[in-house]
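Welcome to a short set of exercises. Keep the structure open while you work, and try each task before reading its solution.

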There are 2 protein chains.
Amino acid sequence: MHLSKLFIPLTKDLPAEAKIKSHQLMLRTGMIKQSSAGIYSWLPLGYKIMKKIEQIVREEQDIIGAQEMLMPTIQSAEIWKESGRYNDYGEEMLRIKDRQGREMLYGPTNEELITDIFRSSVKSYKSLPQLLYHIQWKFRDEIRPRFGVMRCKEFYMKDSYSFDLSDEEAKKSYNKIFYSYLKTFQRLGLKAIPMSADTGPIGGDLSHEFIILAETGESQIFADKRIFEINLNNYDLTEGSLKKMREDFTNIYAVTDDKYNEKEFKEKVSKENQIITKGIEVGHIFYFGDKYSKPMNCLIDDKNGKKTTVKMGSYGIGVSRLVGATIEANYNNEVMKWPKSIAPFDAVIIPSFNKNNQEYLKKAHKIYEDLKNQNIDVLLDDVDESMSNKFKKHDLIGVPYQIIVGSKSDNNNFEFKELNSDSKMLNFENIKSELKKLNCLPKQKD
Amino acid sequence: MHLSKLFIPLTKDLPAEAKIKSHQLMLRTGMIKQSSAGIYSWLPLGYKIMKKIEQIVREEQDIIGAQEMLMPTIQSAEIWKESGRYNDYGEEMLRIKDRQGREMLYGPTNEELITDIFRSSVKSYKSLPQLLYHIQWKFRDEIRPRFGVMRCKEFYMKDSYSFDLSDEEAKKSYNKIFYSYLKTFQRLGLKAIPMSADTGPIGGDLSHEFIILAETGESQIFADKRIFEINLNNYDLTEGSLKKMREDFTNIYAVTDDKYNEKEFKEKVSKENQIITKGIEVGHIFYFGDKYSKPMNCLIDDKNGKKTTVKMGSYGIGVSRLVGATIEANYNNEVMKWPKSIAPFDAVIIPSFNKNNQEYLKKAHKIYEDLKNQNIDVLLDDVDESMSNKFKKHDLIGVPYQIIVGSKSDNNNFEFKELNSDSKMLNFENIKSELKKLNCLPKQKD
């Protein structure tokens with residue numbers, strides 16, 4: 001992609017309405033544009049990053065055997081009346097009347113709809129366990145939307161639903177997702193910590209939030225720092241390993257302010273291991289047994305032919321929110337460096353501009369074509385402006401690798417720079433092989 | 001994927017509410033489930049097919065340099081008042097009041113929103129032409145939704161928008177999309193014909209519908225049969241070639257009932273070339289110049305520094321509708337064969353079941369693993385039922401290739417069958433290489 005062709009409305013001003021750094025950066029680099037309060041359009045740069053996040057989330061769901069489907073955004077109020085949540089769910093639910101006066105709503109979550117689908121499709125324990133997921137837009141009519149995509153009205157979310165015959169079986173599904181979520185965040189370049197959490201309007205008595213640390217986070221975190229040292233690679237998807245993993249994580253103290261108890265914290269965590277900081281929720285999982293299956297009469301024949309309510313859990317990852325959260329975790333001192341797995345481009349070529357000498361630009365075009373032919377997704381900055389402006393701009397756009405074509409480069413050697421590191425002179429063949437190595441990282445598949 | 005694990009609620013009954021064959025088939029094979037009138041959930045089989053269609057549509061947009069972005073589903077009424085369409089657009093627009101009483105709506109189309117984004121982002125002719133697209137859910141509050149996904153309320157659509165400095169430049173963008181659409185439908189295994197069309201609520205004076213032939217189509221078609229013989233491979237994306245292509249297509253008579261004129265038809269089309277039949281609209285393109293840019297004040301500096309309204313067109317492909325349309329075009333005599341490019345699986349393995357002899361099933365598992373290792377996306381029918389039931393079922397699911405493991409197979413030779421063709425005995429190595437060949441067709445990429 002040539003930068004001059006990319007639809008990327010950069011702005012130099014710091015937008016007044018943006019209070020946190022992710023919101024500021026996303027507006028400054030033309031990733032999003034607000035269309036009305038708390039509702040955003042995703043412009044090409046932002047959308048490309050979100051799609052990469054979505055694809056990693058999807059792949060990790062597929063790995064644990066979850067099946068993708070898609071529920072609609074608009075739901076009938078009927079099923080929410082069945083579950084009893086229609087009145088409970090406050091004004092944050094966007095309620096709609098269609099032209100025939102029927103009560104509809106824009107789904108803020110999908111427990112009712114998936115239960116309705118399941119009860120009409122599955123009748124026997126033989127079809128269990130089941131794990132279904134979708135990635136769909138949701139709506140929450142926030143009274144005071146703020147912080148850009150971190151707390152907006154229309155947001156993109158992956159939600160999975162598990163169906164099991166017994167509480168015991170259901171816990172296995174819960175552990176599988178627990179592990180899968182940690183893997184997902186790891187691939188996204190984030191260190192997320194599971195913390196015991198309240199269940200709120202979803203319900204149930206078992207729940208974990210996945211939190212990444214960030215100074216601007218909305219949650220206060222109280223944790224034993226040893227929880228950050230648990231190595232996920234020590235576990236796998238076998239039942240015993242998953243059980244051990246859950247124990248290892250939950251044996252170490254880590255809670256948000258909802259569940260915080262000062263006495264407990266001081267008792268359980270030695271002084272030198274105490275961490276008190278802030279964090280951002282990027283995922284939330286719930287086990288609620290028959291909270292929906294009972295009122296909605298979602299029954300399964302067990303091994304003895306007896307009808308029993310199916311046991312359910314739900315599991316969410318905020319895909320659009322993760323774009324903002326990744327910025328909060330990685331953007332410092334006017335430099336944003338996207339994790340390689342979700343970077344908008346693998347590398348950017350930055351040629352020096354000189355009216356009397358088009359040599360650098362010509363050279364840049366040549367290596368651009370060469371890299372494209374190697375399936376490296378590269379951006380060419382063909383905009384006529386000073387090098388210092390270019391560098392400032394690319395510090396914000398955040399493509400992790402730069403190839404600088406200017407006075408220092410000769411024949412086939414160029415400055416090669418990883419953001420936040422020093423540049424080095426490298427032969428083009430070496431640059432190519434470095435970038436190709438990155439390209440072999442787990443990436444989007446079909 | 002093992003069929004016993006796939007969430008695919010098959011039903012043997014012909015659903016009473018389904019009047020056309022795509023609606024019937026989609027319900028019978030568990031591709032969709034109605035959640036309320038005209039609103040559907042997409043279950044794994046249906047969703048997988050729709051995603052493949054979406055990906056082909058996306059790739060063909062990317063090839064012509066269109067940039068992907070995403071606009072939200074919920075829009076503010078303000079911009080629709082600016083363009084003057086808020087009142088014009090009848091009751092099919094789903095109007096919503098948020099908790100603060102603001103007038104919102106669920107977007108049925110996006111001309112206003114994209115114009116709003118464009119006017120705040122682009123100021124100079126130097127940034128033109130631009131071509132932007134998104135693939136997003138839309139809503140039309142149909143008074144009488146019917147025919148399943150063919151005429152539903154919540155539907156998935158790709159819409160592109162072009163921005164040019166002059167009418168003349170804009171026609172070039174129109175031609176580019178025109179060509180790209182024909183390519184897209186070709187890759188989807190459909191023969192779509194462009195027909196001069198009315199512009200309806202979108203506006204403008206130049207418009208084409210892309211129609212595929214199907215007995216159950218909602219449009220009456222009057223065409224010169226020579227239009228079906230134009231070979232798209234004779235053209236390319238160069239300006240002259242695109243101009244010639246437009247002329248070649250538009251010089252041959254082809255209209256829907258909206259534009260039909262009996263006298264003209266008889267004059268222009270010789271008796272033996274006249275085709276009168278029915279068709280389904282799968283795409284619609286519009287050029288409307290400054291219909292939106294003028295009232296919404298979307299201005300560009302031209303080469304002389306003079307402000308001028310940008311010239312716009314919009315271009316839609318109904319992605320969810322294409323799933324139904326493909327069935328209407330391909331499902332006959334109780335056999336549905338999905339085009340290879342969008343088939344839910346590359347092949348299905350059908351072992352014969354025998355309580356006393358698990359040999360076939362074991363063999364089936366073995367070749368399943370082998371094919372998976374070759375990256376062939378294969379379904380294994382491990383459900384215990386008779387072969388005749390299995391065959392009937394797979395005639396509907398529509399996986400194009402079958403590998404039958406039963407009494408006829410010996411050692412390493414199996415029956416290999418393409419739907420709608422006779423089966424042949426083939427050595428497994430040959431089956432593998434046949435399937436790998438198919439796998440080299442243009443497929444989804446990242």
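**Exercise 1.** Which residue in β20(B) does B:Val348 stand opposite?

*Solution.* Some ground rules help before we start. This is a predicted model, in which local features need pLDDT of at least 70 and side-chain atom pairs count only at pLDDT 80 or more, while totals for chains, interfaces and linings use all residues. Residues are numbered from 1 along each chain as its sequence is written, and chains are lettered from A and ligands numbered from 1 in the order in which they are written.

Step 1: find the elements. Helices (H or I, at least four residues) and strands (E, at least two) are DSSP runs, numbered from the N terminus. Strand β19 of chain B covers residues 347-351.

Step 2: look at the pairing. β19(B) and β20(B) run parallel and are joined by three bridges; two strands pair if DSSP finds at least two bridges between them.

Step 3: read off the partner. Opposite B:Val348 stands B:Leu379 in β20(B).

**Exercise 2.** Work out the strand order of the open five-stranded sheet in chain B, and find its edges.

*Solution.* Step 1: the order is β20-β19-β21-β22-β23, and the pairing is mixed.

Step 2: β20 (378-380) and β23 (423-427) of chain B each have a single partner strand, so one side of each lacks a neighbour in the sheet.

Step 3: ignoring direction, neighbouring strands of this sheet are turned by 30 degrees against each other on average. Axes are lines fitted to C-alpha atoms, for helices over the stretch in contact, and angles run from 0 to 180 degrees between N-to-C directions.

Step 4: add the helix. α10 (residues 359-373) of chain B packs on the sheet, where it touches β19, β20 and β21 (401-405) of chain B. Contact here is between residues whose C-beta atoms, placed from the backbone, lie within 7 Å. The direction of α10 makes about 165 degrees with that of β19(B).

**Exercise 3.** Do the same for the open three-stranded sheet in chain A.

*Solution.* Step 1: this sheet has the order β4-β6-β5, with antiparallel pairing.

Step 2: β4 (74-76) and β5 (94-97) of chain A are the edge strands, each pairing on one side only.

Step 3: the average turn between neighbouring strands, direction ignored, is 35 degrees.

Step 4: four bridges join β5(A) to β6 (residues 103-106) of chain A. A:Leu94 has A:Tyr106 in β6(A) as its bridge partner.

**Exercise 4.** Describe how α2(B) packs against α9(B).

*Solution.* Step 1: helix α2 (residues 44-63) and helix α9 (residues 319-330) of chain B pack at about 115 degrees, with their axes 9 Å apart. That makes α2(B) roughly perpendicular to α9(B), a class that spans 65 to 115 degrees (under 35 is roughly parallel, over 145 roughly antiparallel, and the rest oblique).

Step 2: list the residues that meet. B:Gly46, B:Ile49, B:Met50, B:Ile53, B:Glu54 and B:Val57 in α2(B) meet B:Val319, B:Ser320, B:Leu322 and B:Val323 in α9(B).

Step 3: sort them. The contact residues divide into seven nonpolar, two polar and one charged. Ala, Val, Leu, Ile, Met, Phe, Trp, Tyr, Cys and Pro count as nonpolar, Asp, Glu, Lys and Arg as charged, and the others, Gly among them, as polar.

**Exercise 5.** Is B:Ile177 buried or exposed?

*Solution.* Step 1: B:Ile177 lies in helix α6 (residues 167-187) of chain B.

Step 2: count its surroundings. B:Ile177 has 27 other C-beta atoms within 10 Å, so this residue is buried (20 or more is buried, 12 or fewer exposed, and in between partly exposed, with C-beta atoms placed from the backbone).

Step 3: leaving aside neighbours within four places in sequence, B:Ile177 is in contact with B:Ser160, B:Ile285 and B:Tyr315.

**Exercise 6.** Look for unusual backbone angles in the loops of chain A.

*Solution.* Step 1: recall the background. Most residues other than glycine have a negative phi, and most peptide bonds are trans.

Step 2: A:Asn375, which is not a glycine, has a positive phi of about 65 degrees. This residue sits in the loop between α10 (359-373) and β20 (378-380) of chain A.

Step 3: the peptide bond from A:Leu128 to A:Pro129 is cis, with omega near -5 degrees. A:Pro129 is in the loop between α5 (111-121) and β7 (130-139) of chain A.

Technical notes: Contact = placed C-beta atoms within 7 Å.
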